[in-house]
Amino acid sequence: MHDIRAIRENPSAFDAALIRRGDTQVSSNLLTLDEARRAKILAAETAQAEQNKMSKEVGAAKGRGDEDEFKRLRAFVAEQKILIAEMQDEAKSLDFQLNDALAYIPNLPADDVPSGKDEASNVEVTRWGKRKNFNFRPREHFEILGVAASMDFETAAKISGSRFVMLRGAIARIHRALAQFMIDTHIDTNGFTEVNTPVIVRTNAMYGTDKLPKFGEDSYKTEEGMWLIPTSEVPLTYSVADNVLDEITLPIRLTAHSLCFRSEAGSAGRDTSGMLRQHQFEKVEMVSITHPDKSDTEQKRMLRCAEVLLESLNIPYRTVLLCAGDMGFGARRTFDIEAWLPGQKAYREISSISTTGDFQARRMNARFRPIDGGKPRFVHTLNGSGLAVGRCLISLLENGQNEDGSVTIPSALKPYLMGNTILTKDGILA
């Protein structure tokens with residue numbers, strides 16, 4: 001959510017930042033609503049002051065026995081009450097219209113975010129790992145002999161429809177091992193606190209974390225009006241809603257491994273093969289609640305937390321800084337980490353690390369009390385995948401595949417797989 005006062009002070013800068021994201025100039029409409037709202041509030045306050053003054057004179061007229069003046073003033077006060085109520089209702093309506101308009105406007109990009117309309121303008125900032133030279137045609141994850149029988153799309157489709165998968169046997173265990181490895185690393189090495197979150201949340205939690213109102217069609221809603229989380233960013237971030245935190249408690253670093261649900265409404269026809277784009281998937285999420293002065297440093301820290309996981313698994317990747325037009329709605333700056341998938345001969349996103357500045361904090365009224373005194377200030381919130389478990393499984397399988405259909409498993413997972421380091425061509429851990 002944007003601060004209308006900041007828009008009022010510099011509307012041209014606000015519009016220029018939105019144009020960088022591919023949006024249109026909106027400050028004029030916002031300021032028209034804001035001016036009408038403030039004028040109505042002022043008129044109501046002025047009328048209230050006049051009513052208060054007349055109310056005193058009603059008593060004075062009654063006291064001195066001036067019946068005609070008493071009746072006139074009493075009628076005036078009664079009319080003022082009706083008029084004030086109408087003006088207050090109009091002010092509330094204008095306030096709702098203004099807040100509703102602001103709720104649909106994306107965050108403004110940071111100054112160092114490159115301009116551009118789409119992924120073609122993203123900027124690669126680093127690349128890690130040597131891509132393996134295969135002496136055979138590398139297969140996509142679902143084609144690998146040792147994987148195919150245990151990655152069951154047909155049964156999942158019978159049960160739930162398209163874009164679902166049932167993982168069986170060793171593949172299910174490797175998937176679980178990856179999640180355990182990620183969450184343990186974030187807790188034991190990266191200083192995050194583990195949280196087991198609900199996966200069904202109220203509308204205010206979705207709104208506060210900028211998933212509503214604009215993107216309701218991308219998520220699943222229950223008949224009772226609750227929402228299945230698109231990521232545990234929602235409950236983790238919203239856990240500090242309406243709080244005034246002590247500055248000394250910042251940063252708050254939280255992590256969770258959870259189921260995630262997305263309708264993929266805008267991706268019809270994309271990535272229909274395999275388990276790259278699913279309605280239900282698992283992700284290990286990182287969320288940080290920080291002091292505004294430290295959020296940029298925290299974003300770099302979170303980025304390294306995610307990158308090191310891939311390095312530990314020996315998965316080649318590249319990190320790109322997204323351009324203004326390719327960022328998510330609530331992001332101020334986003335780094336995407338893209339893992340190399342030899343079966344597709346392409347880098348594919350496996351993590352997004354975003355800072356929202358105070359965009360989410362304003363929506364959910366999350367503030368902190370400065371150590372040196374002064375009024376409470378809005379915190380900054382950051383979120384990032386650490387990592388998407390299913391996509392990490394895909395990249396592990398494709399990069400580790402061997403010509404006979406077996407897969408070599410990274411040594412980092414040995415403690416989670418009873419010391420096994422091979423998925424045989426028969427789909428057995430050995």
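Which residue forms a salt bridge with arginine 168? The partner is aspartate 152, and the closest N and O atoms of the two are 3.0 Å apart. Keep in mind while reading that this is a predicted model.

## Arginine 168 and aspartate 152

Let's place this pair in the chain. Arginine 168 sits in the loop between strand E3 (166-167) and helix H7 (169-188), while aspartate 152 belongs to strand E2 (residues 151-152), so their salt bridge ties together parts that are 16 residues apart in sequence.

The two partners can also be described by their accessibility. Arginine 168 has a relative accessible area of 36% and is partly exposed. Aspartate 152 counts as buried because its relative accessibility, 13%, falls under 20%.

## Salt bridges around the start of the chain

Side chains of opposite charge can pair when their charged atoms come close. How many salt bridges does a search of the whole structure find? The search finds 23.

One of them links aspartate 3 with arginine 5, with 3.3 Å between the closest N and O atoms. Aspartate 3 is buried, at a relative accessible area of 18%. Another joins the side chains of aspartate 34 and arginine 8, at 2.8 Å from N to O. Aspartate 34 is part of helix H3 (residues 27-63) and arginine 8 is part of helix H1 (residues 4-9), so this salt bridge ties together parts that are 26 residues apart in sequence.

## A shared network

Is aspartate 34 buried or exposed? Aspartate 34 is buried, with a relative accessible area of 0%. Its partner arginine 8, at 30% relative accessibility, counts as partly exposed.

The pair also has further company. Through salt bridges that share partners, Arg8, Asp34, Arg37, Arg38 and Asp95 are joined into one network.

## A look at serine 406

Further along, we come to a residue in a loop. Where is serine 406 placed? Serine 406 lies in the loop between helix H12 (389-400) and strand E16 (407-408). With a relative accessibility of 8%, serine 406 counts as buried, because buried means under 20%.

What does the side chain of serine 406 make a polar contact with? The partner is the side chain of aspartate 404, at 2.6 Å. Leaving aside residues up to four places away in sequence, serine 406 touches Gly400 and Gln401, as well as Ile422, Leu423, Thr424 and Lys425.

Definitions and conventions. Residues are numbered from 1 along each chain as its sequence is written. This is a predicted model: local features need pLDDT of at least 70, side-chain atom pairs count only at pLDDT 80 or more; totals for chains, interfaces and linings use all residues. Side-chain values use heavy atoms; hydrogens and water are left out. Helices (H or I, at least four residues) and strands (E, at least two) are DSSP runs, numbered from the N terminus. Buried means under 20% relative accessible area, exposed over 50%, partly exposed in between (1.4 Å probe, protein chains only). A polar contact is a pair of N or O atoms within 3.5 Å; within protein, one must be able to donate a hydrogen and the other to accept it, and residues adjacent in sequence count only if both atoms are side-chain atoms. Contact means heavy atoms within 4.5 Å. A salt bridge is a side-chain nitrogen of Lys or Arg within 4 Å of a carboxyl oxygen of Asp or Glu.
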